[in-house]
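Hi,

Here is the structure I promised to pass on. Please open it first, then read my notes below.

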Amino acid sequence: MAGPWWRQCPRLTTGCTATNILENLWHLKGSPVSSSASASLLSRASCISTPETRPPTAAQINMKAGNFLIRHQSRLLLPTLQSCCCRATHSDTKPKDPFTLAQKDLTSLYDDIKKELFVSKVELKSLCEYYFDGKGKAIRPMIVVLMARALNIHSNRAGDLLPGQRAIAMISEMIHTASLVHDDVIDGSDKRRGKRTINEVWGEKKAILAGDFILSAASMALARIGNITVVKVLSQVIEDLVRGEFMQLGSKENENERFKHYLEKTFKKTASLIANSCKAVSILVNSDPEVHEIAYQYGKNVGIAFQLVDDVLDFTSGASQLGKPAAADLKLGLATGPVLFACQQFPELHAMIMRRFASKGDVDRAWQYVLQSNGVQQTNYLAQHYCKEAIRQISRLRPSPERDALIRLTEMVLTRDK
């Protein structure tokens with residue numbers, strides 16, 4: 001009997017088939033990767049800006065998959081991920097830096113958030129504004145702003161943001177920050193973004209209340225947009241965050257189920273916010289469900305890739321770069337992508353995963369196993385796949401500087417070091 005799918009790919013050698021990986025990737029609602037998505041990864045074009053072709057048969061995918069990995073495995077394992085460079089395909093000129101392009105709309109972001117959080121009680125005000133100091137990456141609102149502008153141009157409108165779209169960018173950062181406050185309480189974290197966490201400074205009870213207050217303020221801002229569909233879409237994010245946190249508290253005995261569990265949890269905890277925020281800004285400017293799906297799929301795939309890279313950085317970057325302790329996930333008992341891939345080469349990890357690295361020496365041994373395996377490289381490869389699918393989706397929109405900036409952003413996600 002064949003073993004779990006990743007056991008057939010211990011080192012991404014010629015014995016590994018891409019379809020073993022792609023067809024078992026866990027997407028929203030547990031559905032497998034589509035034939036067209038698999039075909040897009042196997043396409044030799046670096047980025048898809050041409051009209052889509054008819055999806056190949058399963059036999060054709062299998063044949064191309066084996067040949068693809070045999071020809072390209074050395075490039076796929078490069079830490080720099082050069083094979084995902086896509087600039088030349090879209091324009092002869094270098095796309096603008098996403099941060100620069102979105103800067104105008106993000107300048108007042110944190111001031112606007114602080115206005116939403118206005119309270120007379122000094123301590124609560126300090127708690128709620130603690131992380132809105134302008135030192136965060138603001139990745140989520142930046143993606144929302146660029147997506148909104150790209151969609152406006154695609155829909156034959158001016159590129160400027162609608163008031164509701166600007167509000168969604170702000171709300172996305174508020175929901176994200178509230179989730180960080182609650183996560184730090186659950187994890188017992190004492191450091192976030194290079195400084196002490198709210199629960200470390202003010203205590204767990206006040207931290208929980210601060211997170212709740214930020215969420216309530218975000219909900220009020222959401223209601224003022226006045227679009228029931230948008231409210232429903234962004235409310236799904238809150239449900240996914242809670243469900244994802246519960247999933248993180250559990251483990252799966254079966255290895256195949258464990259990886260699906262990990263990817264679904266990754267979607268719910270990280271990608272759902274980006275995906276649904278992108279979908280929300282599309283709803284405000286375009287009534288076409290296909291356009292809504294393009295926005296959603298871009299956000300979903302970039303969001304999953306972002307978290308996969310984050311899980312890699314837990315093993316490859318120092319605490320000074322991350323702004324939090326290294327090996328934090330292992331210390332929390334979490335088996336992320338690099339560990340799950342490493343488990344195929346070092347079966348000893350299975351028992352450690354099930355006891356959540358709780359025995360003495362487990363964290364150090366697991367760390368060494370991951371570094372001795374191809375777990376990091378294979379997780380990077382998986383992130384590449386998601387970024388390529390994000391590029392495939394966003395390339396269906398009408399060309400614009402914002403669309404190309406979103407394409408460039410996928411490269412930045414893959415090559416970031418913090």
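Ring pairs join Tyr 130, Tyr 131 and Trp 202 into a cluster. Bear in mind that this is a predicted model.

Within the cluster, Tyr 130 and Trp 202 meet edge-to-face. Their centres are 5.2 Å apart, with 90° between the planes. Tyr 130 sits in the loop between α7 and α8, and Trp 202 in helix α10, so the pair ties together parts 72 residues apart in sequence. Tyr 130 is buried, at 18% relative accessible area. Trp 202 counts as partly exposed, at 24%. Tyr 130 has a further partner: the charged end of Lys 195 sits over its ring, 4.1 Å from the centre.

The count of aromatic pairs comes to 7. Another of these is Phe 315 with Trp 367. That pair is tilted, with 5.4 Å between centres and 35° between the planes. It links helix α14, which holds Phe 315, to helix α19, which holds Trp 367; the two residues are 52 apart. Phe 315 is buried, at 5% relative accessible area.

Now α19 itself, residues 362-372. Which of its residues are buried? They are Asp 362, Val 363, Ala 366, Tyr 369 and Val 370. These cover an arc of only 125° around the axis, so they lie on the same side of α19. Asp 364 and Gln 372, on the other side, are exposed. The cover over the buried residues includes α14, α16, α17, α18 and α20.

One more charge over a ring: Arg 416 lies over the face of Phe 306, at 3.8 Å from the ring centre.

Best wishes

Definitions and conventions
Residues are numbered from 1 along each chain as its sequence is written. This is a predicted model: local features need pLDDT of at least 70, side-chain atom pairs count only at pLDDT 80 or more; totals for chains, interfaces and linings use all residues. Side-chain values use heavy atoms; hydrogens and water are left out. Buried means under 20% relative accessible area, exposed over 50%, partly exposed in between (1.4 Å probe, protein chains only). Helices (H or I, at least four residues) and strands (E, at least two) are DSSP runs, numbered from the N terminus. The arc is that of the directions from the helix axis to the C-beta atoms. Contact means heavy atoms within 4.5 Å. Rings of Phe, Tyr and Trp (its six-membered ring) pair if their centres lie within 6.5 Å; planes under 30 degrees apart count as stacked, over 60 as edge-to-face and the rest as tilted. A charge sits over a ring if NZ of Lys or CZ of Arg is within 6 Å of the ring centre and within 35 degrees of the ring normal.
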